[in-house]
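Trainee: Before we go through this entry, could you show me the sequence and the structure, and then explain the terms used for it step by step?
Mentor: Here they are, and we can take the terms in turn.

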Amino acid sequence: MKLHQAALPTRTSVVLATVLFLALVGLTAGAANGERLIARIVWAGMIAVMAGRVFVTGRISRWRSVFFIILAWAFIVQFKATLIGLTGSAFITPDIQEVPYCHIAIASSFLNHLYQQYLAFMSGAWRQWSPLTWGVVWLGVTLVLGQAWCSWACFYGGLDNGFALLRRKPLVKWVWLPKGVRDLPAAILIAMLLLSLVTLKPIFCLWVCPLKLGTGFLEPDQLTRKLQLLSFATIGIVFLVVLPWLTKKRAFCGLICPFGAWQAFVGRLNPYRVQIQPDRCTQCQRCIVVCPTFAIEREGLKQHRVLPYCNRCGECMDACPTDAIGYSLVGKPFASLPPKTARIAFLLSAWLIGGAVSMWFVPEVMVKLWRWVAG
Amino acid sequence: MIRILLEGWLLGLSTGPYCLGACAPFLVPFLLAEGAGTLRRNVALVSEFLLGRLVAYLAFGAAVGWVGETLKPHLSQHLASAALVVTSAVMILYAVVKGLPQWKLCALTARRLPMRRVPFLLGVLIGINVCPPFLVAMARIIQLGGAATGAVFFLGFFAGTTLLTVPLLVVSPFTRSQRAQRIGTLAAILIGAWFLLTAWLGR
């Protein structure tokens, strides 16, 4: 296989993969013992091998996708297994009184958090700042990864990424979006923020999230519940499964997810950028065709610009015939950086954060599978 | 009268964050979609919106005070549902007409609709959307009685809640961008549709 220009020497790749392995084991293995410890070490090793392949081949997307899809499905298995442990059912039942919260829900009901903290502060209970704990985690991730969360650590992304890879070529070619449609996630984010505030409920969870399919905890009114389930099913089937499978585009991430818009806005804090080098770009538009989240537009490409929605998946870099696209640092064009510095720094950060997130549930699922296989 | 004005003002001030939540879903997408560009123009738009709200408050306060105890709570509930439906419809119509000026039907509607008066209209409609603080104010007016008393109480209530609406101008710097205007238009349609749905479901 022809090596990509960004490929690193084997020795350097092995050193970087080893550093990653040691960091992941050091960060996460301390709290485990027995078979869980073994599972964590094995999974850290697998991540190091996948990262090593990316370094040594210079191609990002294949091994990132493998990791990303495992992460997503392991999350689903662990989520459902935990529910069975809690309620005896794979579905959320009325026994669970609170809506399960994830990063998408936190972003889309952020104003509610602020309002709750305002109330807690005004009532003297100012120590009840539990959401702030997650806020610190999110801020850390945003500083390190920014928008890359959506292609390296998010379980939703792993789902539509997986369905997008089921076909070698798209059955339906979908390259352009009507003007303004790419901004739909930002509009959904604003709508969710404001509607959640006025109703004091997480509207994304109650009306949009496909993972809530099969829930029994929603509104008691039958018609409302049916409409909610219809909304979950439509969004899940159309945007997570059918459109990605038909078009190889990550339709949920690109057209629905409010967290993508949130990260596109606050992700500017992050130092990494994706840049197109004008002197190398031939305007072949291959990057537009392969970008799974519509983050490169025809007009933008003419000015060698990538939309802030880009989530650093690396598809365009792998596809570019002249290696004109690459990672860069904010305010630093390619030419001003030592070769591959930004790329190595970004990939190490992404594997480290994505790997650390996956350590929460992938080893657990490995243990469950092992017990199931061993009887 | 000063005491009643002060009482309304304090009620508005203490329940203002809730009122902010009620106004923001309509006002924020509107400001973004309108794309006024300068803080001065955005202040004018917000002022027009607030004027509409003031007119609604004064009229409603006077009417409630006049009718007094004969006004039953279910009447206000029907009024609130109807106002919500009309507000949502105005939002959607505004966003579609604004977002698709090239469509013949939209161009025609734009000529017929008083598009420049949309903020005032939204303010009036939001003003008669009955939220919990509004109900508290109404209950107090029924207790006090009298059209003038009702109007003065709501004048104070308006002043108290308005202070907390001012931070919505924070979106002003973003409104110049065409992307922000598109986002605002889409958000206005989504929010309008959601309120229409909830009004239909009677929630």
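**Domains, chains and one residue**

Mentor: In this predicted model, ten residues of domain 1 of chain A are in contact with twelve residues of domain 3 of chain A.

Trainee: Which elements give two or more residues to the side of domain 1 of chain A that touches domain 3 of chain A?
Mentor: Helix 3 (61–87) and helix 17 (341–358) of chain A do so, and helix 17 gives the most, with four residues.

Trainee: What makes up that side of domain 1 of chain A in terms of nonpolar, polar and charged residues?
Mentor: The side that touches domain 3 of chain A divides into four nonpolar, three polar and three charged residues. As for the bounds, domain 1 of chain A covers 1–97 + 340–375, while domain 3 covers 271–337, and the centres of these two domains, taken over C-alpha atoms, are separated by 27 Å.

Trainee: Why is A:Tyr156 called buried?
Mentor: The term requires 20 or more other C-beta atoms within 10 Å of the residue's own, and A:Tyr156 has 25 C-beta neighbours inside 10 Å, so A:Tyr156 counts as buried.

Trainee: Where in chain A is A:Tyr156, and with which residues is it in contact, leaving aside its neighbours within four places in sequence?
Mentor: A:Tyr156 belongs to helix 8 (residues 155–164) of chain A, and, with those sequence neighbours set aside, A:Tyr156 is in contact with A:Phe252, A:Cys253 and A:Cys257. To be in contact, two residues must have their C-beta atoms within 7 Å.

Trainee: How many residues of chain A are in contact with chain B, and which helix of chain A gives the most to that side?
Mentor: Here 16 residues of chain A are in contact with 17 residues of chain B. Helix 5 (110–122), helix 9 (184–199) and helix 11 (222–247) of chain A each give two or more residues to the side that touches chain B, and helix 9 gives the most, with ten residues.

Trainee: What makes up the side of chain A that touches chain B, by nonpolar, polar and charged residues?
Mentor: The residues on that side of chain A divide into 13 nonpolar, two polar and one charged.

Trainee: How many helices and strands are there in chain B, and what percentage of its residues count as buried?
Mentor: Chain B has eight helices and zero strands, and of its 203 residues, 43% count as buried. Among the contacts in chain B with a separation of 6 or more, 90% are accounted for by residues 24 or more positions apart.

Conventions: Residues are numbered from 1 along each chain as its sequence is written. Chains are lettered from A and ligands numbered from 1 in the order in which they are written. This is a predicted model: local features need pLDDT of at least 70, side-chain atom pairs count only at pLDDT 80 or more; totals for chains, interfaces and linings use all residues. A residue is buried if 20 or more other C-beta atoms lie within 10 Å of its own, exposed if 12 or fewer, and partly exposed in between; C-beta atoms are placed from the backbone. Domain bounds come from an automatic or database domain assignment. Ala, Val, Leu, Ile, Met, Phe, Trp, Tyr, Cys and Pro count as nonpolar, Asp, Glu, Lys and Arg as charged, and the others, Gly among them, as polar.
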